[in-house]
Structure formats: structure tokens, C-alpha cells
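Let's take a walk through this model, one residue at a time, and see how the pieces connect. Keep the viewer open as you read.

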Amino acid sequence: MAETAILSPPSADWKGDSEANPHFKSLGKLSGPVNRKIEPYGAQFLAYARRKRHGRTFSEDDRIQALSKVKKSEDDDDGEISEPEDPLMLQRDAKDWKGQDHYAVLGLSKYRFKATDEQIKKAHRKKVLKHHPDKKAAAGQGDENDSFFKCIQRAHEILTDPVKRRQFDSVDEAADVEPPTKKEVSKPSAFYKKWGAVFQSEARFSKITPVPMIGDDNSTKEEVEEFYDFWYNFDSWRTFEYLDEDVPDDNEGRDHKRHIEKKNANARRKRKSEDIARLRQLVDDCLAMDERIKKFRQAANANKNKKRLEKEAEAKREAEEKKKAAEEAERKKKEEEERLKAEKEQGKKAKEAAKNAVKKNKRVVRGSVKDVNYFAEGDASPKQIDDVLNDVDKVIATVDPDELADLVAKLNVAGKDASKVKEVFSATTGGLVGAGKLKEADLRVFN
């Protein structure tokens, strides 16, 4: 209900702060009154309204509210650990406790190994309140054997003992998740979901935590390899003592007792080996269906092919460079051979030309004395011809080609003047004698 608040006007004798206090100085004026609606609100008002409506006192209302909260808490517990009971389970023989599902007996089938100690405690209390023999008797539901109540007590005993609970969890097939078929995981999302559930179930036996999970399509190669390495080297605490055959009391034969203990130990080892092989096969099947492995292999092959192609390209480039270098070397070799051949030909021609020039110069030298009639007046005698040619041949045999050419040049200048020609020969033989290349005694005409 809304209420209106109005400020009352000041009294008639109010003089204001300026008159009451001469040092007071007003900086402004009060605003005028405003009508506002005020509505009740909040937990305190609701509590007041509740008490008013039901006519309760404070203590009565607090007690009723507390009972309501307790009831709500119990209802929440019922919703958390409530399961319909199987009629066949209610008829179970308590003596066959090893074959019973202790989690199902307490209504914790959906929790199983994940059930907390508090959940087990609440579930047991709920079952006891419902199936206690005294309560049944009071309700007229007689049960001479109280078989299911004994099953409840046995389940509570097993699940509240850490050792016994671990032994039962080791053989609790209801907590296992069957591996999917290839058809069921044809889509990547189904593969990760279904195989992820399988490995989450198997992870309960790991001594090492945290356990790496299967990941998704975005997992790196290192993460996937870490996952499979972990599961191929899985360190399991799983034991199979729960399935042991009962060992007889000490009152029975000692040999028989030892026989049973040995039999149980062998059976445990066999089951452990079979479980290891089962898990290895499970990981193999998952690996065979994992498209990421194929993707990584394709990437590795592509990288390998890339490296191979790069290597082949490098080898081809090196081969081409070697071929090019060899061709260049062959070309240079041929050019050198051709150059040497040309030089040889040129040298041969020059040599031939020089030889021809020498022959020509020799003819010129011999012809020069012939042109001047061998320096004789009138007909030259054979002896004179022979003496002149003998000296000419000695000069020709002694001088080198350059000296011979120089001699020819001088003879050309001398022309057919016998005295000048003889002068040229005499000067040449004098130089040869002076150089020790020719003896004066060997000369007959030009000495």
C-alpha cells in the first residue's frame, strides 16, 4: 500500500539560523516539498506479511520455516539418489552378495565409482528407512528373511570400505563403456564423443593422474601422440581379488587352504594379463579409426615427399650445374685446342713462309753474285765461279734468317754494281769473322 510523505511547515516562532546564529551564512534555499510513493519491499516485509496472514508469532514462523527447509533438502536428496527398484533385485538372495550390484542396491547406478562418500551415506540412510524390518513390520509388510535389507547392509559395508570398494570397482562391468563400431563413429564428432566415453571409463583404473583424454579434431600431433603413448603404457591399479574363491577357515585342511590361495593368485594373474591385452586391443582399434593419425601420416608423407622433391630438385640443379660446367670446360678445351691448332697452323705457315723466305733469300744471295758475273771481267772461269759460290754458301750457312734478310736488303740496294755487291759480302764476312762464326782462312774471295 502506497503512502505519501509531506514535510510539515516550520513553527511560527522559528527565526531561521541567521537570527539564531549571527555567524551563519545561507548559501541557498530549501526546495519545495515533493509527493513520492513509498512501497514496502524486501525479505523483512515478506516475513511480516507471512506472519500477518497466518497469524503467527516470530518463533512459530521461524520453526515452520526451518521445517520447510529440511523437507526441501530431503526432497532434493531424493531427487539426487532416487532410482526405481527392480522387483528382481528385491528378491535377491543375500548369500549371493558377490553377484549383486552394490551401487544399484543403494540406488546409485548412475554414479557408480563416481559416487561420493556423502552420497553413499545418504543413499544408505534412505534405503534403511524404507526397508528396515521394523518399519515393514509396523506397516504390515512381513519379511521373514529380510533378504534385501541384508543386501543393503552388505552394499554399505563394501562401498564404505576403500579397499573393498576398489576391489568391487575393479570388476564392476556396469561401469564399462563398450567401444563403438567403425560405423558408429563415421562422423568425427561421434568418434571423439564415443571413444572419449570409453577412455573416461578406463581412466578410473589409472595410477597416474591426470589422465590425457582423446581430444578433438584440433588436437596437435604432439597431444595425440602423448595420448596414445599414455594408453599403450597404461599403469593400471585394477585387481581381481573380488572374484577370488572363498578361502576355507583354518579349521579345514591346511593343504586345501593353500591350494585355494594358489588357485586365486593364478586366476588374478590370468585376468590381469587378459585385461592388459583387452586394453591394448581397444587402443589399437581406436588408433585404426582415428582420422587424425591418417591426417598426420599424410602430412608427414607430404613433408617427406616435399623433402624428396627438394632433394631431387637440388640434385638435378647440381647435375645441371655440373653438366653446364663440364660443357663450359669442354667448350673452353675445344676453343683452346682450336686456338693451339690455329697457332700451330699459323706457326707452321709462318715457319713455312720463313723457310720459303730463307730459300728465296738464298736464291737472291746466290743470284746477286751471278748478276755481277761472279765479279769477273769477261767470262768467269769455272774456278772463279766455284770460289765465289763457295764463299757465298759459307756466308749463307753461317748467318741466321734475320741476318740473311738484312744481307738481301743490302744486296738489293747494291743492285748489279759488282763493287758494291762485293763490298756488302766483304762487310758481312768481316762481321762473321769478327764474331768468330767464320774463319778468314776458309774464305777465298771475300777475305
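Start with Phe375, which is buried, at a relative accessible area of 17%. Bear in mind that this is a predicted model. Phe375 sits in the loop between α13 and α14, and its backbone is a bit unusual: phi is near 65°, a positive value in a residue other than glycine.

What does Phe375 touch? It belongs to the largest nonpolar core, a set of 25 residues in which Val365, Phe375, Val392 and Phe425 touch the most other members. Two or more residues of this core come from each of α13 (291–371), α14 (382–398), α15 (401–414) and α16 (418–434). The biggest giver is α15, with 5 residues. As a general point, nonpolar side chains tend to be buried together in soluble globular proteins.

Stay with α14 for a moment and look at Asp386. Its side chain meets that of Arg444 in a salt bridge, 3.8 Å from N to O. Asp386 lies in helix α14 and Arg444 in the segment after α16, so this pair ties together parts that are 58 residues apart in sequence. Both ends are partly exposed: Asp386 has 45% relative accessibility, and Arg444 has a relative accessible area of 49%.

Back on α13, find Lys355. This lysine is partly exposed, with a relative accessible area of 46%. On the surface, Lys351, Lys355, Lys359, Lys360 and Arg363 gather in a patch of positive charge.

For the opposite charge, turn to helix α11 (residues 221–232), where you'll find Glu222. Glu222 is exposed, at a relative accessible area of 55%. It helps form a negative surface patch along with Asp216, Asp217, Glu223, Glu226 and Asp229. Helix α11 also holds a salt bridge of its own: Lys221 and Glu225 both lie in this helix, 4 residues apart, or about one turn. Their side chains come to 2.4 Å, N to O. Lys221 is partly exposed at 37% relative accessible area, and Glu225 is partly exposed at 38%.

Now step back along the chain into the loop between α10 and α11, where Pro210 lies. A cis peptide bond joins Thr209 and Pro210, with omega at about -5°. Arg204 is in this loop too, while Asp176 is in the loop between α9 (162–170) and α10 (188–202), so their pairing ties together parts that are 28 residues apart in sequence. The contact is a salt bridge between the two side chains, 2.7 Å from N to O. Are its two partners buried or exposed? Arg204 is buried, with a relative accessible area of 11%, whereas Asp176 is partly exposed, at 27%.

These pairs have company. The model's salt bridges come to 35 in count, and Glu202, Arg238, Asp275 and Arg278 are linked in a network of them.

One last stop: which other spot has a positive phi without being a glycine? That's Arg112, with phi at about 50°. You'll find Arg112 in the loop between α5 (102–105) and α6 (117–131). Despite its charged side chain, Arg112 is buried, with a relative accessible area of 7%.

How values were computed
Residues numbered from 1 in each chain as written. Predicted model: local features only at pLDDT ≥ 70, side-chain atom pairs only at ≥ 80, totals over all residues. Heavy atoms only, no water. Patch = residues over 30% accessible without salt bridge, like charges linked within 9 Å, V, L, I, M, F, W, Y side chains within 5 Å. Areas by Shrake-Rupley, 256 points an atom, 1.4 Å probe, with all protein chains shown as cover. Salt bridge = Lys/Arg side-chain N within 4 Å of Asp/Glu carboxyl O. Lys, Arg positive; Asp, Glu negative; His and termini not counted. Charge placed at Lys NZ, Arg CZ, Asp CG, Glu CD. Buried < 20%, exposed > 50% of the residue type's maximum accessible area, 1.4 Å probe, protein only. Core = buried A, V, L, I, M, F, W, Y, C linked by side-chain atoms within 4.5 Å.
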